[in-house]
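Student: Got a minute to walk through this one with me? I'd like to start with the empty spaces inside it, then move on to the folds and the odd backbone spots.

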Amino acid sequence: MLVMGEVHTGLLQNSGEISESTCRQVLALMAGETVRVSRRPIVHALSPERLTGVDCALPTASRSRVRGVGTVMSRCAVTGGRVAQGSSYVRVVRSEADRRLPWSHYLARPGVVEVLGKAKAADLAEGFTGDSAPGGTGGACLNLGAVSGRFLDLVQASPLLDRRAPFKIPRTSLRWVAETGEPSIRFTLHTEQERTLRLTHPGPFTPAVVDLCEDLATHDWLLTSLLVIVERARIGGTQGAQAVARLAPAIDHLMHLWMPAARVEEWLTPFWESLERRPGFSRQWRSLVDRVRDQVAMNTLALLNATAEAGRR
Amino acid sequence: MLIFAISDKGGTGRSVTGTNIAYRHALQGNDVCYLDFDFGSPTAGAIFSVSAVARGTRENGLHHYLRGECPLPRRVDVWTESDREGLRARPPGAGRLVLLPGSEGGGELSALTDEVVGRCVQLLGRLDEEFDLCVVDVSAGRSFTAELVLAATVRMPAIPFRWLVFHRWTRQHIIAADGLVTGADGLLDVGTRFGHDPEDLRDRIRFVRTAVLEPDAAELVGLRDEQRAWLSACDSELRELAGRHGVGRTAMLGKIPLDPVLQWREQLITDEDVLASKIANAETAAAFEDLAKKIVDDSAWEGL
């Protein structure tokens, strides 16, 4: 019917970025399972997948009760040794039985939630991503955000991290729904920290779609965080040197991480490209980065002038 | 940084001082979060003038969250949701100011289970990721709430935290404040039982005197000489008593002068209250401002 997921993204709670080998240890959530690491164009480490059993109501726009039973697939990722993610998704399918089956049935279908009784895909999709969606606090129905948040907590609580992050920044959540059909993509900003994505892709669902959503979530978080840091710097409202000092964390920790669509499979790149045209993620990112660099350059000039003045005197 | 605000007895002005510290710290450009853990009477909403949660919230309050009834507690953005005109716009340069209200009619925690401590650890850990300062209003006296945060902080050794003990400047309050820290089942006693190092914990505790009437205060000008002499004698006696009980100057982080406004209504003291309507004293606002700086100033927290 459809696939729905939620990605939570945040700053890894460590003073500096962590090395590839530390990434492997931090993400080793299950003994015996390996952490997958890719090195180009940016170090990206992905934990083994873990399952959470669920038997609960699914969110619907019509508020009709739909019961789903199965397992949620979750994993954690660290990008550039700096950005941490918790990500969960479920493939929602119709159950062939009209009652709950033994757990062995569901365990044989990892990441699948079977719907008991009637349900419309559109109703579920709207319920999950619409305005009345289960926010961070909603409790009664399937809350993938709560699962993803907990997985992100697992990473952040790792004893290998010193928890002395260079700046404070909120996590963001991206709630997404993917269906098969005529290609389209819709990315929506809700509150300061909540985003939704509706994706219709040709052909059947593959885990590459999850990679795309996680990649988008990473870059949306980077953009959101850079905007926050630039806002905090109060450019024009305070002295140049002070503004530059407040921009420093962005230069030290964020600005080199922008690698859009780095891990997106070829057949899905048109979706990224369409988001690059509108709203234009990279355009906004470049303009912000330029702004930060211009501030630094201006401040350097001012310092040089001051030094020259002092020398002449 | 986590700041736990506790008091020896009720009515010491713990909540009103804690909220004002949070407010001033946000004005100083930091992202601040205020958690109303005073489950018996969660009234922080009223102090921030958010009428919707004036006595706590009916859904998704901190109490519901700790009991496992909701995945995350509700957040109230004070800059957008306050009913007070002077608070409803975020001043330029100010950080975020977020209130996590308690549950209406929640009642005190009745037991301390591992799940409750785990949820507390999860919440404080997440808030520490995004806020420069989290002020946690722990209820008055010895309570499960105080034990809860003592147990939670043991599990988060890397997250810095400090305790503020609020007390009034009277004989009973000085003795009680000392007892709350060093007495049987006091903070040090319970903290050590949960695994804190007592010396380290002692260094993280400071006292704040509230509703202090200085012998040379302007309010005392109309008093008779005999009354002033008596007050002065009382004050020096109290200072001597405080010194003996470890509540003296060295362990004190700050003092809040007696302000008529706070006697009549618990509220945030804005600069407008001081400068425009002139209902509050400039000294009170300055004391809050000073405390808001000192709570994160390491030199004020060097070992005793």
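Tutor: Sure. One term before we begin: a cavity here is a set of grid points where a 1.4 Å probe fits but cannot get out. Keep in mind, too, that this is a predicted model.

Student: Okay, so how many cavities of 30 Å³ or more does the count come to by this rule?

Tutor: The count comes to one.

Student: How much space lies in the largest cavity?

Tutor: About 80 Å³.

Student: And which residues line the largest cavity?

Tutor: The lining is made of A:I42, A:H44, A:T79, A:Q85, A:E214, A:D215, A:T218, A:H219, A:L257, A:M259, A:A262 and A:R263. By class, that gives four nonpolar, five polar and three charged residues.

Student: Which element has the largest share of that lining?

Tutor: α5(A), with four residues. As for domains, domain 1 (2-173) and domain 2 (224-312) of chain A each supply at least three residues of the lining of the largest cavity.

Student: Let's talk about those domains, then. How far apart are the centres of domain 1 and domain 2 of chain A?

Tutor: Taken over C-alpha atoms, the two centres are separated by 30 Å. In the contact, 14 residues come from domain 1 of chain A and 13 residues from domain 2 of chain A.

Student: Now pockets. How much space is in the second largest pocket?

Tutor: About 1,000 Å³. Its lining has 42 residues, and the closest to the centre of the pocket are A:L227, A:V228, A:I229, A:E231 and A:R232.

Student: What's the class breakdown for the lining of the second largest pocket?

Tutor: There are 17 nonpolar, 12 polar and 13 charged residues in it.

Student: Which elements of chain A each supply at least two residues of that lining?

Tutor: They are β9 (184-189), α5 (208-233), α6 (240-253) and α8 (281-312). Of the elements, α5(A) gives the most, nine residues.

Student: Where does the second largest pocket lie relative to the two domains, and why?

Tutor: It lies between them, because domain 1 (2-173) and domain 2 (224-312) of chain A both give residues to the lining.

Student: Switching to chain B. What's the strand order in the sheet of eight strands?

Tutor: The order is β3-β4-β2-β5-β1-β6-β7-β8 in chain B, in an open sheet with mixed pairing. At the edges are β3 (76-77) and β8 (252-257) of chain B, each of which pairs on one side only.

Student: Do me a close-up: how many bridges join β6 to β7 in chain B, and are the strands parallel or antiparallel?

Tutor: Six bridges, and the strands are parallel; β6 covers residues 161-168 and β7 covers residues 205-212 of chain B. To find your place there, look for B:V165, which stands opposite B:F207 in β7(B).

Student: Which strands does helix α7 of chain B touch?

Tutor: Helix α7 (residues 171-182) of chain B packs on the sheet and touches β1 (2-7), β6 and β7 of chain B. The direction of α7 makes about 155° with that of β6(B). Helix α13 (residues 282-294) of chain B packs on the sheet as well, touching β7 and β8 of chain B, and its direction makes about 160° with that of β8(B).

Student: On to the backbone. Which proline follows A:R40 through a cis peptide bond?

Tutor: A:P41, with omega about 0°. You'll find A:P41 in the loop between β2 (36-38) and β3 (44-46) of chain A. Another cis peptide bond runs from A:R278 to A:P279, with omega near 10°, and A:P279 sits in the loop between α7 (269-277) and α8 of chain A.

Student: Why point those out at all?

Tutor: Because most peptide bonds are trans, and most residues other than glycine have a negative phi.

Student: So what is the phi of B:N60?

Tutor: About 60°, a positive value although B:N60 is not a glycine. B:N60 is in the loop between α2 (44-47) and α3 (62-66) of chain B. B:K278, also not a glycine, has a positive phi near 55° and is placed in the loop between α12 (271-275) and α13 of chain B.

Terms used: Residues are numbered from 1 along each chain as its sequence is written. Chains are lettered from A and ligands numbered from 1 in the order in which they are written. This is a predicted model: local features need pLDDT of at least 70, side-chain atom pairs count only at pLDDT 80 or more; totals for chains, interfaces and linings use all residues. Side-chain values use heavy atoms; hydrogens and water are left out. Two strands pair if DSSP finds at least two bridges between them. Contact means heavy atoms within 4.5 Å. Axes are lines fitted to C-alpha atoms, for helices over the stretch in contact, and angles run from 0 to 180 degrees between N-to-C directions. On a 1 Å grid over the protein atoms alone, a cavity is a set of points where a 1.4 Å probe fits but cannot get out, and a pocket is an open set with protein on both sides within 12 Å along at least five of seven lines; lining residues have an atom within 4 Å of a point. Grid points are joined across faces, edges and corners, and a volume is the space filled by probe spheres set on the points. Ala, Val, Leu, Ile, Met, Phe, Trp, Tyr, Cys and Pro count as nonpolar, Asp, Glu, Lys and Arg as charged, and the others, Gly among them, as polar. Domain bounds come from an automatic or database domain assignment.
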